[in-house]
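Please work through the exercises below with the structure open beside you, and try each task before you read its solution.

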Amino acid sequence: MMKRAYAGTLRREDVGKKISLSGWVQKRRDFGELIFIDVRDRSGICQVVVDRERGADEATTTASKELRTEFVVRIEGEVFERGEGQKNPKMPTGEVELVATHVEILNRAATPPFMIEDETDAAEELRLKYRYLDLRRPALTRNMMLRHKVAFAVRNYMNRQDFLEVETPILGKSTPEGARDYLVPSRVHKGTFYALPQSPQIFKQLCMVAGLERYFQIARCFRDEDLRRDRQPEFTQVDIEASFIDEEFIYSLIEGLFEEVFPIAGIEVKTPFPRMSWHEAVDRFGIDRPDTRFGMELKDITAVAQTIEFEPFRSAAAVRGIVVPNGAALSRKRIDEVTEEAKKLGASGLVWIKFDAQRGSSIKKFLTDATFDSLRQALGAGEGDLALIVAGRLTMVWDVLGQLRLRVAKEQGLIPSEKFDFLWVTNFPLFEWDEQEQRWFARHHPFTSPAVGDIEKLESDPGATMARAYDVVMNGLELGGGSIRINQPEVQARMFRALGISDEDAKERFGFLIEAFRYGAPPHGGIALGLDRIVMLMARAESLRDVIAFPKTARAQDLMNDAPSNVDEKQLDELGIALKK
């Protein structure tokens, strides 16, 4: 039997080789005595020629005529250079073809429910139902291969940095602080439950207490939360923790990792990454994971706005605006639509001003020539620009304008698609206030260390307490987040109390961690990187589902195997579970 070659790897230097191809039929074109077959495997596509005048016997020709799309075949032959005028510069294998001497049908295939091609108009639900066919499409195959290369590069890099890969448990204890847990009932201990890990956070800290010093893991994690384009109920993260380090160690480590990983997809990485405090990020961009590829930054125009005889400006705690370059060309209909979007996001209204000859504005009757020019200067607007202004509570203003900035910029084509801006966001507040529950929550998680000098604020002024936390961001998406951890039991206990967790509850939920700290926990910290999200960006994909082999839908369903599903009553009985109707 001839040596197998991968279809997509054949080049001019392979001319004269006698090889075997195994794969699927992408296309067949029958011209009688001459038959062309495009054979596809995971590496790509190669053209096969079956020609009676070039060695194909009757059996080979007969088998070739039986072929249909997605039949599984093995073809033997010799590699030839295509003739002049027959080369296909759009195909990597377009200079060569395999002239077949033997064609064997390994398996026949039913007609697939959609075309196995990069470009398909099949609905995503249909493609997810037949995911094993969807994965045959070259675009998704390339994404799976890219994901493998990224994971392989991560392991190589972390090994060179003296990190140990340690597997932590999948079945653990429920610690309901943050997203909802997926619970797993225990058959042996009826009435009790394991929880699938939202993160290996506690176990990786215990690895530091254990003296392993440098840990990493490509870890599967689970969160029962509402889904979005960049969220899945089960996901993969590159989990990292190290002892006797500070923030600078993490910055340098991750920048070095990205210098190796992103060039795999042709993305240049320039280090060191810029750094920006949390407050600067939200004040300039309205969001703590800013997209810095374009301008349209938020401008504080409170002082100028409050000189205008317009009550919503006069009574507002904050007035901010963004400027849309050449936005004065936007129609009144589109501006009205943006106004409605702002209201849905929480604003009471949206003020707009066109800086053109007509000086159109939703508050034109309140503007004098002097205040119009003052606003233009405060906003930094040029001729033909459009200003969008929101007034009210500062956090609401940040949120509304931050989201409008991204939506309008995308619609206007102001975001360069092949630009990749990395950024560290630092100096986060340790807590955030939840209006609904009327209590403080940890902005990252309850094991994050307060900033140096802020420990005494934990009880007296939690809102002013800063954290030794950091996020790494690219193009408006958080790639990962981490912090320097608390390693002293008395500080951890104070942190729990600040979160409204009593000493008794803390002992019940986290007692083993606090106990471990009593035996000499080293200073430590780490970060968790979203592998799915990183690969999505590298692949220039629109959704996480494009880079996960078998993803869930936005409703957390697997359409292929119909999960989640009902289970047998006997199984429930064994677990001691009765279902509520």
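The exercises that follow go from the whole chain to helix pairs, strands and single residues.

**Exercise 1. The chain as a whole**

Task: Describe the overall make-up of the chain, including how many helices and strands it has.

Solution: Begin by keeping in mind that this is a predicted model. The secondary structure of the chain comprises 17 helices and 21 strands. Next, look at the extent of the C-alpha trace, which spans about 90 × 75 × 55 Å along its principal axes. Then turn to burial: 50% of the 581 residues of the chain count as buried. Finally, consider the contacts between residues at least 6 apart in sequence, of which 67% join residues at least 24 apart.

**Exercise 2. Two helix pairs**

Task: Decide how helix H4 is oriented relative to helix H6, and how H14 is oriented relative to H15.

Solution: Two packed helices are described by the angle between their axes and the distance between the axes. For the pair formed by H4 (residues 138-160) and H6 (residues 247-261), the angle is about 140 degrees and the axes are 10 Å apart. H4 is therefore oblique to H6, because an angle has to be over 145 degrees to count as roughly antiparallel. The residues that make this contact include Val150, Ala153, Val154 and Tyr157 on the side of H4, and Ser252, Leu253, Gly256 and Leu257 on the side of H6. The crossing of H4 past H6 is right-handed.

For the second pair, the axes of H14 and H15 come within 10 Å and cross at roughly 155 degrees. This makes H14 roughly antiparallel to H15. Pro489, Gln492, Phe496 and Arg497 of H14 make the contact with Asp503, Ala506, Phe510, Ile514 and Phe517 of H15. Here, too, the passage of H14 past H15 is a right-handed crossing.

**Exercise 3. The surroundings of H14**

Task: Find which residues of helix H14 are buried, and which elements they pack against.

Solution: Going along H14 (residues 489-498), one finds that Val491, Gln492, Arg494, Met495, Phe496 and Ala498 are buried. The partners against which the buried residues of H14 pack are strand S17 (431-434), strand S18 (439-442), helix H13 (457-460) and helix H15 (503-517). As a last step, look just beyond the helix, where H14 is followed by Gly500, a residue with a positive phi near 80 degrees.

**Exercise 4. Strands and their partners**

Task: Work out which strands stand at the edges of the sheet S12-S13-S15-S14, and in what sense S5 pairs with S3 and with S4.

Solution: The four strands form an open sheet in the order S12-S13-S15-S14, with antiparallel pairing. The edges are taken by S12 (299-300) and S14 (351-355), and because each has a single partner strand, one side of each is left without a neighbour in the sheet. S14 is joined to S15 (residues 385-392) by five bridges, and Val351 stands opposite Ile389 in S15. Helix H11 (residues 369-379) packs on the sheet, where it touches S12, S13, S14 and S15, and its direction makes about 95 degrees with that of S14.

Now move to strand S5 (residues 96-107), which pairs with strand S3 (residues 44-51) in the parallel sense over two bridges. In this pairing, Val49 has Val99 of S5 as its bridge partner. Strand S4 (residues 72-81), by contrast, runs antiparallel to S5 and is joined to it by ten bridges, with Glu76 standing opposite His102 in S5.

**Exercise 5. Two charged residues**

Task: Establish whether Asp239 is buried or exposed, do the same for Lys552, and find a polar contact of each side chain.

Solution: Asp239 is placed in strand S10 (residues 234-243). Its relative accessible area is 0%, so Asp239 is buried. The side chain of Asp239 makes a polar contact with the side chain of Lys204 at 3.0 Å, and another with the side chain of Gln237, also at 3.0 Å. Beyond its neighbours within four places in sequence, Asp239 is in contact with residues including Pro200, Tyr215 and Ile527.

Lys552 lies in the loop between helix H16 (531-538) and helix H17 (569-575). Its relative accessible area is 14%, and because the limit for buried is under 20%, Lys552 counts as buried. The side chain of Lys552 makes a polar contact with the side chain of Glu234 at 2.6 Å.

Methods: Residues are numbered from 1 along each chain as its sequence is written. This is a predicted model: local features need pLDDT of at least 70, side-chain atom pairs count only at pLDDT 80 or more; totals for chains, interfaces and linings use all residues. Side-chain values use heavy atoms; hydrogens and water are left out. Buried means under 20% relative accessible area, exposed over 50%, partly exposed in between (1.4 Å probe, protein chains only). A polar contact is a pair of N or O atoms within 3.5 Å; within protein, one must be able to donate a hydrogen and the other to accept it, and residues adjacent in sequence count only if both atoms are side-chain atoms. Contact means heavy atoms within 4.5 Å. Two strands pair if DSSP finds at least two bridges between them. Axes are lines fitted to C-alpha atoms, for helices over the stretch in contact, and angles run from 0 to 180 degrees between N-to-C directions. Angles under 35 degrees count as roughly parallel, over 145 as roughly antiparallel, 65 to 115 as roughly perpendicular and the rest as oblique. A crossing is left-handed if the near helix is turned anticlockwise from the far one by less than a right angle, and right-handed if clockwise.
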